[in-house]
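Let's walk through this structure together, one part at a time. Please keep the 3D view open as you read.

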Amino acid sequence: MTTWSVPGMPDVGRCLVMGVVNVTPDSFSDGGQWFDPAIAVRHGLELVEQGADIVDVGGESTRPGAARVSLEEELARVEPVIRELSREGVTVSVDTMRAEVAQAAVEAGAKLVNDVSGGLADPAMPRIVAASGVPYVVMHWRGHSHAMDSRAVYGDVVTEVREELAKRVASVLAEGVAENQIVLDPGLGFSKNAEHNWKLIAGIDQLGELGYPLIIGASRKRFLGRLLADPDGAPRPFSQSDDATLAVTTLAAQAGAWCVRVHDVRPNADAVRVVAAVQGARS
């Protein structure tokens, strides 16, 4: 069983669970539910009670086709939530592509920067992260939400994602990010179709050969709803694909993922503990 130690993150000898708090009106699965800062903070605390090791706070939707929000709006959404959750002792990450938001979030108490663009959307991001010393999630990314579906073209998706992530790692290392700060994310659903996503899940062990902790974010994504479509072909609603998410969490934990990012925390927190118990019994 592979276990990873990431600076500033819980070190509990099992796959971690990151709970999602979208402080947005338009996120694909729960847009608007936690848009009010006080409600978002309360939800973040509830996720911790349900077993979340990390709470990921984001102020900009990255669903396919989403328009970007202004820097000022993103800051206004996430900073008060991060500050209050951090005061409550929660290990908080910030989900952002902007270096200025990342810096403000770290100053407000965030312990990890989760950048879905892997440093491509804002060239200043790696330098900001390097200076902060916090862990940095580098995700595989080929473009912003309005264009990403058109870029879902691969010959061998696992090999190409692995190679493109390796290039991003080399780039952020050159900007001063330390080896032990880096966490990788294959970017399920980002410039990938359903077939690509399934192959990446099946290839988690191959992605792990890059030598960095992996975070897997399958929760409530379109490819799960399409797999579970009704007989007429209508996809399962986002909020009704949590059982499928749980299956992916179990597979990811078994394959050695460092963390899973989910909306419905309690069952996923239970699942990673079961996987750890089984793996421990084998050792």
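What follows is a tour that begins with a strand and its neighbours, then turns to the nonpolar cores, the salt bridges, an aromatic pair and two backbone angles.

Keep in mind from the start that this is a predicted model.

A good place to begin is strand β5, which covers residues 136–139. Its side chains alternate: Tyr136 and Val138 point one way, while Val137 and Met139 point the other, and all of them are buried. On one pairing, β5 runs parallel to strand β4 (residues 112–115), and 3 bridges join the two. If you would like to find one of these contacts, look at Asp115, whose bridge partner in β5 is Val138. To get from β4 to β5 the chain passes through α4, and this β-α-β crossover is right-handed. Strand β5 also pairs with β6 (residues 182–185), again in the parallel sense, here over 4 bridges. In that pairing, Tyr136 has Ile182 of β6 as its bridge partner.

Just ahead of β5 sits Gly133, in the loop that follows α4 (125–132). With a relative accessible area of 40%, Gly133 falls between the 20% limit for buried and the 50% limit for exposed, so it counts as partly exposed. Its C-alpha is 7.9 Å from that of Ala178, although 45 residues separate Gly133 and Ala178 in sequence.

Now to the interior. In soluble globular proteins, nonpolar side chains tend to be buried together. Here the largest nonpolar core has 62 residues, and Val57 and Ile82 are those with the most contacts inside it. Helix α5 (residues 157–174) supplies the largest share of this core, with 6 residues. Which residues does Val57 touch, not counting residues up to four places away in sequence? They are Val21, Val23, Val78, Val81, Ile82, Leu85, Val92, Ser93, Val94 and Asp95. Apart from the largest core lies another, of 11 residues, which include Met9, Val183, Ile215 and Trp258.

Charged side chains come next. Side chains of opposite charge can pair when their charged atoms come close. Across the whole structure, 14 salt bridges are found. One of them joins Glu74 to Arg98, with 2.7 Å between the closest N and O atoms. Glu74 belongs to helix α2 (residues 71–87) and Arg98 to the loop between β3 (92–95) and α3 (99–108), so this pair ties together parts that are 24 residues apart in sequence. Glu74 and Arg98 are both buried.

Helix α2 holds a further salt bridge, between Glu84 and Arg87, where the closest N and O atoms are 3.5 Å apart. Both residues lie in that helix, 3 residues apart, which is about one turn of the helix. Is each partner buried, partly exposed or exposed — which of these is it for Glu84 and for Arg87? Glu84 is partly exposed at 28% relative accessibility, whereas Arg87 is exposed, with a relative accessible area of 62%.

Moving on to helix α5, Glu160 forms a salt bridge with Arg142, the closest N and O atoms being 3.6 Å apart. Arg142 lies in the loop between β5 and α5 and Glu160 in α5 itself, so the pair ties together parts 18 residues apart in sequence. Salt bridges can also be joined up: Asp56, Asp95 and Arg261 are linked in a network of them. You have met Asp95 already, among the residues that Val57 touches.

The count of aromatic pairs comes to 1. Its members are Trp198 and Phe223, set edge-to-face at 4.9 Å centre to centre, with 75° between the planes. The pair links distant parts of the chain, since Trp198 is in helix α6 (residues 194–202) and Phe223 in helix α8 (residues 222–227), 25 residues apart. Trp198 is partly exposed, with a relative accessible area of 32%, while Phe223 is buried at 4%.

Finally, take a look at two backbone angles. Ser191, in the loop between β6 and α6, has a positive phi near 55° although it is a residue other than glycine. At 1% relative accessibility, Ser191 is buried. Arg220, not a glycine either, has a positive phi of about 60°. Arg220 is found in the loop between β7 (215–216) and α8, and at 13% relative accessibility it counts as buried.

Notes:
Residues numbered from 1 in each chain as written. Predicted model: local features only at pLDDT ≥ 70, side-chain atom pairs only at ≥ 80, totals over all residues. Heavy atoms only, no water. Buried < 20%, exposed > 50% of the residue type's maximum accessible area, 1.4 Å probe, protein only. Pairing = 2+ DSSP bridges. Right-handed = clockwise from strand over helix to strand, strands pointing away. Core = buried A, V, L, I, M, F, W, Y, C linked by side-chain atoms within 4.5 Å. Contact = heavy atoms within 4.5 Å. Salt bridge = Lys/Arg side-chain N within 4 Å of Asp/Glu carboxyl O. Phe/Tyr/Trp six-rings, centres within 6.5 Å; stacked < 30°, edge-to-face > 60°.
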